[in-house]
Amino acid sequence: MRILALETSCDETAAALLEMQGPGVGSVLAEVISSQVALHAAYGGVVPELAAREHLSALPLVVDKVLQQSGGTLDTVDALVVTQGPGLKGCLLMGMGFARALALARGLPILGVNHIEGHVLVPLLDNPELKPPYLALVVSGGHTEIVLVREPGEYELMARTLDDAAGEAFDKSANLLGLPYPGGPRLATLADQFAARGEPSPFTLPRVALAEPVFSFSGLKTAISLAVKRSREALATDETLQGALAFTIQEAIVDALAIKVKQAVERSGIDRVAVTGGVSANRRLRARLAEDGYRVFAPTLPHCTDNAAMIGWAGAYRLFRGDGGHGLGDVRSRWPIETIGVTP
Ligand code: KG4
Ligand code: ZN
């Protein structure tokens with residue numbers, strides 16, 4: 001089954017073509033991701049209206065490109081899969097409208113996919129040795145949750161953030177340090193460079209040790225803001241000091257994630273941890289989870305951040321179960337993964 005997948009839930013316009021022989025069996029023939037980072041950088045964050053407009057103009061281009069790369073045409077496509085939620089409503093509508101029109105014109109079945117399900121299942125695409133059940137730590141700019149994947153389609157929520165997402169915590173901290181948007185990867189680079197010096201950092205930040213299965217980054221944000229204020233002048237002139245603070249921030253965020261993973265491992269008895277979403281690109285996070293003794297899996301770098309291959313891959317499980325072809329329904333800007341349930 002040849003699947004054309006589209007992803008437009010936030011600031012990446014992505015298309016992928018997959019050739020699937022069965023659920024979880026197949027490969028990505030071609031994929032294209034058009035990032036809007038440069039467009040939103042001037043505003044310090046994603047501007048939903050601009051993002052939606054950009055998706056509209058980028059969609060035909062990424063689809064053309066993916067078909068060209070694979071050497072195929074639309075005639076070879078058997079099904080369309082598109083992100084239906086969660087995400088920015090206007091952005092989701094662009095992808096869904098485009099997919100709907102294509103499906104109608106070509107008489108193809110169409111299926112809406114949960115974006116988080118894409119993040120949660122894509123480690124299976126990139127790590128054939130990974131088998132369910134496993135814990136998926138979803139860490140992106142919009143989401144931070146731990147999901148127990150019993151089987152593809154059968155999910156249990158183990159923890160979710162009360163406020164900011166881990167990516168937001170990285171980006172907002174980076175912003176306080178004066179790094180340009182999106183600062184997460186830049187902060188991580190500074191932190192890793194400081195760590196390589198092997199010196200202790202003069203900064204300390206609190207750990208939020210909530211017993212409940214929830215994440216919270218708001219207290220940390222306040223503490224970072226105070227630390228920056230206290231050392232503002234020194235930070236502006238001393239690059240090593242800036243690196244030290246970046247290091248301490250990264251350790252605090254990674255610690256907050258690792259503590260909740262530990263609780264989830266203890267509660268579930270499952271020690272296979274698949275880290276996924278934009279922040280899963282963070283090297284310190286991966287290393288820390290491995291140090292804690294789990295078997296750690298991660299997607300390839302292009303599949304850490306938003307992409308369409310993960311949407312096609314997640315959609316394939318459903319298409320082979322007979323979903324699809326029943327229309328698309330409404331956009332679902334809020335769509336918690338644990339409410340997906342098992343398709344009978
Ligand atoms: O999954 P993603 O591409 O988009 C959302 O769905 O949000 O994640 C983007 C987030 C941003 O907050 C970015 O700063 C963060 O992932 N990120 C990182 C790293 N690479 C990307 N954060 C920390 N360390 C990194 N290496
Ligand atoms: Zn995402």
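This briefing walks through the pockets, the cavities and one helix pair of the structure above. Keep in mind that the model is predicted. The biggest open space here is a pocket of about 1,400 Å³, and the second largest pocket holds about 310 Å³. There are also three cavities of 30 Å³ or more. Helix H5 turns up twice, giving six residues to the lining of the largest pocket and coming within 10 Å of helix H7, axis to axis.

**Largest pocket**

- A total of 50 residues line this pocket, and the ones nearest its centre are Ser140, Gly141, Gly142, Gly167 and Asp171.
- Four elements each give two or more residues to that lining: helix H4 (115-126), strand E7 (144-151), helix H5 (166-176) and helix H6 (184-197).
- H5 has the largest share of the lining, with six residues.
- Sorted by class, the lining comes out as 20 polar, 19 nonpolar and 11 charged residues.

**Second largest pocket**

- Here 17 residues make up the lining, and Leu111, Gly112, Arg318, Asp323 and Trp335 sit closest to the centre.
- Strand E5 (residues 110-114) is the top contributor to this lining, with three residues.
- The split by class is eight polar, five nonpolar and four charged.

**Helices H5 and H7**

- The axes of H5 and H7 (residues 218-230) cross at roughly 15°.
- Angles under 35 degrees count as roughly parallel, so that is how H5 and H7 run relative to each other.
- The crossing of H5 past H7 is right-handed.
- On the H5 side, Lys172, Ser173 and Leu176 make the contact, while H7 brings in Lys221, Ile224, Ser225 and Val228.
- That contact is a mix of three nonpolar, two polar and two charged residues.

**Cavities**

- The largest of the cavities has about 60 Å³ of space.
- Its walls are formed by Val208, Leu210, Val214, Phe215, Ser216, Phe217, Ala256, Ile259 and Lys260.
- Strand E9 (214-215) and helix H9 (239-268) each supply at least two residues of this lining, with H9 taking the largest share at three.
- By class, the lining of the largest cavity has seven nonpolar residues, plus one polar and one charged.

Methods:
Residues are numbered from 1 along each chain as its sequence is written. Chains are lettered from A and ligands numbered from 1 in the order in which they are written. This is a predicted model: local features need pLDDT of at least 70, side-chain atom pairs count only at pLDDT 80 or more; totals for chains, interfaces and linings use all residues. Side-chain values use heavy atoms; hydrogens and water are left out. On a 1 Å grid over the protein atoms alone, a cavity is a set of points where a 1.4 Å probe fits but cannot get out, and a pocket is an open set with protein on both sides within 12 Å along at least five of seven lines; lining residues have an atom within 4 Å of a point. Grid points are joined across faces, edges and corners, and a volume is the space filled by probe spheres set on the points. Ala, Val, Leu, Ile, Met, Phe, Trp, Tyr, Cys and Pro count as nonpolar, Asp, Glu, Lys and Arg as charged, and the others, Gly among them, as polar. Axes are lines fitted to C-alpha atoms, for helices over the stretch in contact, and angles run from 0 to 180 degrees between N-to-C directions. Angles under 35 degrees count as roughly parallel, over 145 as roughly antiparallel, 65 to 115 as roughly perpendicular and the rest as oblique. A crossing is left-handed if the near helix is turned anticlockwise from the far one by less than a right angle, and right-handed if clockwise. Contact means heavy atoms within 4.5 Å.
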